[in-house]
Amino acid sequence: MKDQWYPVAMLSELGRDPVETILMDAPVRVWRDADGTACAATPEGRKLPVTEAYHHLWTSPGAPDRPLFDIPEARQPDRRFVPCGRVRVACSPLRAVENFLDIAHFPFVHTDILGAEPHTEVARYKAEVREDDDEVWATKVEFYQPQAAKSASGGVTTQYMYRVPAPTSSVLYKTSPPRPGEWDVIAIFVQPVTETRCDVWPWMALFDETTPQADLVAFQQMIFVQDRSILENQVPALLPLDPGLETPTRADMTSIAYRRWLKSHGYTYGAQLVAA
Amino acid sequence: MILHDWVLSPNCYKVRLMAALSGQDLTLRAVNLYPEREHLSDEYLALNPAGTLPILEDGDLVLGESAAILAWLGEGWLGQGKAEAARVQAWLSFAERLNATAGRARNIDMLGVPGSLSEAQKGGRACLRELELALSDRRMEGGTFLVGDGPTIADIACFPHVMLAPDGGLTLAPYPSIRLWTRAVRALPGFVEMPGIHRLHELSPEPEMETELR
C-alpha cells in the first residue's frame, strides 16, 4: 500500500508556506512553489511524487507504478464540482471506505434523508472484482430514499453503482434527481493517517444547476458527520480480512468483495488478518 | 427570519433548535464556513464584524451572537422572575466556556483545526464535571432542567456542546445526571436533530411492545 496515491490536501488550501500532515504514520510537508508547482516532501527533505487531480493534491510515501485512477466524469464540463474539505475520523481508513460502500445503515444513521423505516430491505445486487481494471464494483443497487440529494424533492427509489479503484478511495454513482438518465458522482478520498485514524476528503461531481454551493457542501458534510460516531465505535478497530469474527449478510456483498480484493493484494494497512 | 447557518456548528444548531421548539419558522441560508471560509468574506463581515456564525436577520434587526438570538427567539424560555433570569444568564456564559473547551476539542479532532487537543479536552472535562454536579443537585431538589420548573434558553445554549463532546474525544459515560438531562431535552415536543445529535430512538416502543399495547 506504500506505493499507492493518497490525498493529502485540497488544492485551494495549498500556499507558499509548507503545511505538515501525516500519511501512514510519517509526516509529510505540502506547499506550492513560487513557479506554481505543487510539492510534497518529508521533513528531511526527500521529495515525494505528486499528482494534482479532483481538486486535491495526491502523493505517495513509495513509488507508484501507475497514474492515479481515472474518474472520466471529472472531465464533463456541465457538472458541478464540490470538494467538501476534511473530516478526521478515529477509525481504520479501510473501515471508512467500507462504510461508504454500505447501504443497509441508511435508514438508521441517515434517518429521513438517505433512508427511513420501514423501507430497510436491501434488494439483491451484483458485486464483483473486475479483473481487467483491477477494481471492485457493485451494480444494480436500488434503495428507497426520502431525500436522496439536496436537489431531490420527496422520496424516490435511487439506483446506485459503487466502484473501488484504490484501497482507500471509492466512487459512487447514483441517479441524478434533476437528470434521471444521468449519474451523479460522489467520492471519498481517504488519507490514511495511522492504521486507526484517517482524514476523509469527500468530493462530488453533480448535475445540479440551482442549489447554491454552500448547500451542496453542507448536505455532504451532514451525511458524513452522521457516520463519524458510528465509525469511531466499530469493534475491532482494524478491518478483519479473514472470516470468523464478523458474520456478513446478503446486503454485505460489496464489503465481502472489497475485503477479498484487499487481502488478495496484501493491502493490509488498517486491517487485521487473523480473527482476534 | 433568515438564519445564516452552517450545518455542523453547535451555535447555529442552538438557533435551529430554539426555533423548532417554539414553533417559529426560519429561512436557512447555508454558509460555506468550511472549507471555503465564506463567513469571513466582505459581505458577511459587513453583516457581522465578529466574523462568526450564526447570524439572524429579522427585518432590520441583525444579531450575530447565539445567546442574543436565543433571547430574541425564546420568549417564555427566559426564566421566571429576576433570580431565574439571572441564573439563565450565568448558564449562557457557561455555554461560552463549553464552546471554548469541548467545542474547541471537537474542531481540533474533527476538522484538523490547529491547537492542543489535550488542553481543550482538559478544559472540557472540567466543564462537564461542573455541569454534572449542578444537574445532580437540581435532581435532588426535584428539578429536571438547569433553571426553574421547565426548559429555558439556558438548556438550549448548553445542550449542543455537551451532546457533541464525544466528537472531540470526551465521553459522557461518567455523567449520569447529564445523560438524563440530555434525554429530557431530546424528549421536548418539536425537537430536531443535527449530525452527531440523534433523536431518541430508544424511547420509541419496541415492535413486540407495540403489539402488546394494542
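How many Å separate the centres of domain 1 of chain B and domain 2 of chain B, taken over C-alpha atoms? The figure is 21 Å, and I will come back to that pair of domains after some groundwork.

This is a predicted model, in which local features need pLDDT of at least 70 and side-chain atom pairs count only at pLDDT 80 or more, while totals for chains, interfaces and linings use all residues. Residues are numbered from 1 along each chain as its sequence is written, chains are lettered from A and ligands numbered from 1 in the order in which they are written, and side-chain values use heavy atoms, with hydrogens and water left out.

Confidence, then. pLDDT is the predictor's confidence in each residue, from 0 to 100. Chain A averages 93, with 99% of the residues scoring at least 70. Within chain A, helix α2 (residues 106-109) has the lowest confidence, a mean of 89, and β6(A) the highest, at 98. For chain B the mean pLDDT is 93, and 93% of its residues reach 70 or more. For the complex, the predictor gives an ipTM of 0.85 and a pTM of 0.89.

Back to chain B. Its domain assignment gives domain 1 (2-73) and domain 2 (81-186); such bounds come from an automatic or database domain assignment. Contact here means heavy atoms within 4.5 Å, and by that rule 13 residues of domain 1 of chain B touch 13 residues of domain 2 of chain B. Buried area is the accessible area (1.4 Å probe) that two parts lose on being put together, summed over both. Between these two domains of chain B it is about 1200 Å², and carbon and sulfur atoms give 73% of that. On the domain 1 side, P10(B), K14(B) and L70(B) lose the most area to domain 2 of chain B, together 36% of what that side buries.

A salt bridge is a side-chain nitrogen of Lys or Arg within 4 Å of a carboxyl oxygen of Asp or Glu. The rule finds zero of them across the interface of domain 1 and domain 2 of chain B. A polar contact is a pair of N or O atoms within 3.5 Å; within protein, one must be able to donate a hydrogen and the other to accept it, and residues adjacent in sequence count only if both atoms are side-chain atoms. Four residue pairs, both at pLDDT 80 or more, are in polar contact between these domains of chain B. Helices (H or I, at least four residues) and strands (E, at least two) are DSSP runs, numbered from the N terminus. α1 (10-21) and α3 (66-73) of chain B each supply at least two residues of the domain 1 side, and α1(B) has the largest share, seven residues.

Now the domains of chain A. They are assigned as domain 1 (6-59) and domain 2 (84-272), with 26 Å separating their centres over C-alpha atoms. In contact are 15 residues of domain 1 of chain A and 13 residues of domain 2 of chain A. The two bury about 1200 Å² between them, 65% of it on carbon and sulfur atoms. Here too the rule finds zero salt bridges, and eight residue pairs in polar contact (both at pLDDT 80 or more). On the domain 1 side, β1 (6-10), β2 (19-23) and β6 (56-59) of chain A give two or more residues each, and β1(A) gives the most, with five.

Within chain A there is a salt bridge between E52(A) and R32(A), whose closest N and O atoms are 3.3 Å apart. E52(A) lies in strand β5 (residues 50-53) and R32(A) in strand β3 (residues 26-32), 20 residues apart in the chain.

Last, the interface between the chains. What is in contact there is 19 residues of chain B and 23 residues of chain A. About 1800 Å² is buried between the chains, 51% of it on carbon and sulfur atoms. Y34(B), P35(B) and M110(B) supply 26% of the area that chain B buries against chain A, more than any other three residues.

How many salt bridges are counted between chain B and chain A? Four. In one salt bridge, the side chains of D112(A) and R199(B) meet at 3.0 Å, N to O. Between the chains there are also eight residue pairs in polar contact (both at pLDDT 80 or more). On the chain B side, helix α4 (residues 81-111) of chain B gives the most, with four residues. Over all chains, the salt bridges come to 24.
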